[in-house]
Amino acid sequence: MGLSKAAPVSEPPEFGAAADGDADRNMILGKRFFVTPSDSVAIIAANAIGSIPYFNSGLKGVARSMPTSAALDVVAKNLNLKFFEVPTGWKFFGNLMDAGLCSVCGEESFGTGSDHIREKDGIWAVLAWLSILAHRNKNVSTDSKLVTVEDVVRQHWATYGRHFYTRYDYENVDADAAKELMAHLVNVQSSLPEVNKLIKQVRPDVADVEKADEFEYKDPVDGSISSHQGIRYLFQDGSRLVFRLSGTGSEGATIRLYIEQYQSDSTKIGTEAQDALAPLVKVALSLSKMQEFTGRSSPTVIT
């Protein structure tokens with residue numbers, strides 16, 4: 001699709017898609033343009049009515065997993081849709097869809113779905129995007145420029161703002177060290193003034209934290225409560241830091257750090273993602289004392 005630096009393609013296709021082996025996960029691309037999973041589900045929801053016949057009667061609601069960017073939240077607020085933030089795990093989406101509360105849902109790990117089936121469906125997501133592109137291009141003449149994937153995404157950012165987003169995975173970290181890091185993050189949350197003082201010492205240009213917690217979810221369908229689902233720092237400007245721990249077995253743990261910078265200024269949505277996220281990355285690593293606890297100077301994987 002023209003995104004490889006090693007072997008650039010002279011004239012890539014206008015639309016590309018990829019899936020994993022059983023096609024439940026998906027990746028959407030345009031010509032030299034990658035669509036983040038968080039943006040993808042938000043754009044599908046924003047364009048569903050009118051573009052996708054299945055949704056002509058409206059959307060019952062939308063949902064995302066907690067670590068997924070808040071791009072869908074902004075769409076839900078603007079379109080006055082029911083919105084749900086759930087723990088990681090498709091069963092939570094399934095409950096909402098079975099109860100008729102959710103029509104479109106998604107997660108940052110490339111899973112997107114709707115209530116036609118209670119699972120993520122990569123082929124459906126590709127068809128949803130093709131429907132949106134077909135709708136946007138229905139009045140385009142043969143000598144006019146096509147509305148592209150990149151056009152759709154940039155128009156979405158101009159309307160709803162852009163959620164710059166990245167995930168850092170620290171794999172096979174000593175399990176005890178990982179638990180100590182998470183305990184430190186919870187302890188720090190007890191004083192937001194101290195948190196914000198530390199942030200200003202690291203990056204004075206980063207907004208203040210207005211809320212910090214350990215995410216807990218009460219399922220509106222069956223009443224079950226899921227605790228300790230991730231540690232969140234929510235900033236006044238809509239940005240977020242999320243820390244999650246998984247796999248605390250004998251072979252070590254994985255710490256996942258999700259960094260999200262919201263930008264509502266239409267003149268700044270074209271900033272390079274790495275530049276936009278750099279201040280929050282520095283804050284996250286300092287706030288968590290990542291290197292001090294884990295001994296790692298860099299993550300295993302960045303997505």
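The secondary structure of the chain, taken from a predicted model, amounts to 9 helices and 15 strands. The radius of gyration is 20 Å, close to the 19 Å that the globule rule gives for 303 residues, so the chain is as compact as a globular protein of that length. Measured out along its principal axes, the C-alpha trace spans about 60 × 50 × 35 Å.

Of the 303 residues, 51% count as buried, and the accessible surface comes to about 14,200 Å², with 49% of that area belonging to carbon and sulfur atoms. Among the contacts with a separation of 6 or more, 62% are made by residues 24 or more positions apart. The charged side chains number 31 positive and 38 negative, and the centres of these two sets lie 3 Å apart.

**Aromatic pairs**

A search of the whole structure finds 7 aromatic pairs, including the two set out in the table.

| Pair | Centre to centre | Angle between planes | Geometry |
|---|---|---|---|
| Y54 and F55 | 5.0 Å | 70 degrees | edge-to-face |
| Y233 and F243 | 6.3 Å | 85 degrees | edge-to-face |

Because planes over 60 degrees apart count as edge-to-face, the angle of 85 degrees places Y233 and F243 in that class. This pair links distant parts of the chain, since Y233 belongs to strand β12 (residues 231–235) and F243 to strand β13 (residues 240–249), with the two positions 10 residues apart in sequence numbering. Y233 is buried at 0% relative accessibility, and F243 likewise counts as buried at 0%.

The pair of Y54 and F55 has a partly exposed member, Y54, with a relative accessible area of 46%, while F55 is buried at 2%. Together with W124, the residues Y54 and F55 form one aromatic cluster.

**V242 and T148**

Strand β13 also contains V242, a residue that counts as buried at 1% relative accessibility. Once its neighbours within four places in sequence are left aside, V242 is in contact with M66, I231, R232, R256, L257 and Y258. In relation to G89, V242 stands 153 residues away in sequence and 16 Å away in space, taken from C-alpha to C-alpha.

T148 is found in a loop, the one between α4 (122–136) and α5 (149–160). Its relative accessible area is 16%, and because buried means under 20%, T148 is classed as buried. Not counting residues up to four places away in sequence, T148 touches E14 and L133.

**Helix α3**

Helix α3, which runs over residues 90–98, is mostly covered, with 7 of its 9 residues buried. Which residues of α3 are buried? They are W90, F92, F93, G94, N95, L96 and M97. What covers these buried residues includes the strands β4 (62–65), β5 (83–86), β6 (104–107), β7 (111–114), β10 (217–218) and β11 (225–226). Just after α3, the backbone at G100 takes a positive phi of about 75 degrees.

Terms used:
Residues are numbered from 1 along each chain as its sequence is written. This is a predicted model: local features need pLDDT of at least 70, side-chain atom pairs count only at pLDDT 80 or more; totals for chains, interfaces and linings use all residues. Side-chain values use heavy atoms; hydrogens and water are left out. Helices (H or I, at least four residues) and strands (E, at least two) are DSSP runs, numbered from the N terminus. The radius of gyration is taken over C-alpha atoms; the globule rule is 2.2 Å times the number of residues to the power 0.38. Buried means under 20% relative accessible area, exposed over 50%, partly exposed in between (1.4 Å probe, protein chains only). Contact means heavy atoms within 4.5 Å. Accessible areas come from the Shrake-Rupley method with a 1.4 Å probe; for residues, only the protein chains shown count as cover. Lys and Arg count as positive and Asp and Glu as negative; His and the chain ends are not counted. The place of a charge is taken as NZ of Lys, CZ of Arg, CG of Asp or CD of Glu. Rings of Phe, Tyr and Trp (its six-membered ring) pair if their centres lie within 6.5 Å; planes under 30 degrees apart count as stacked, over 60 as edge-to-face and the rest as tilted.
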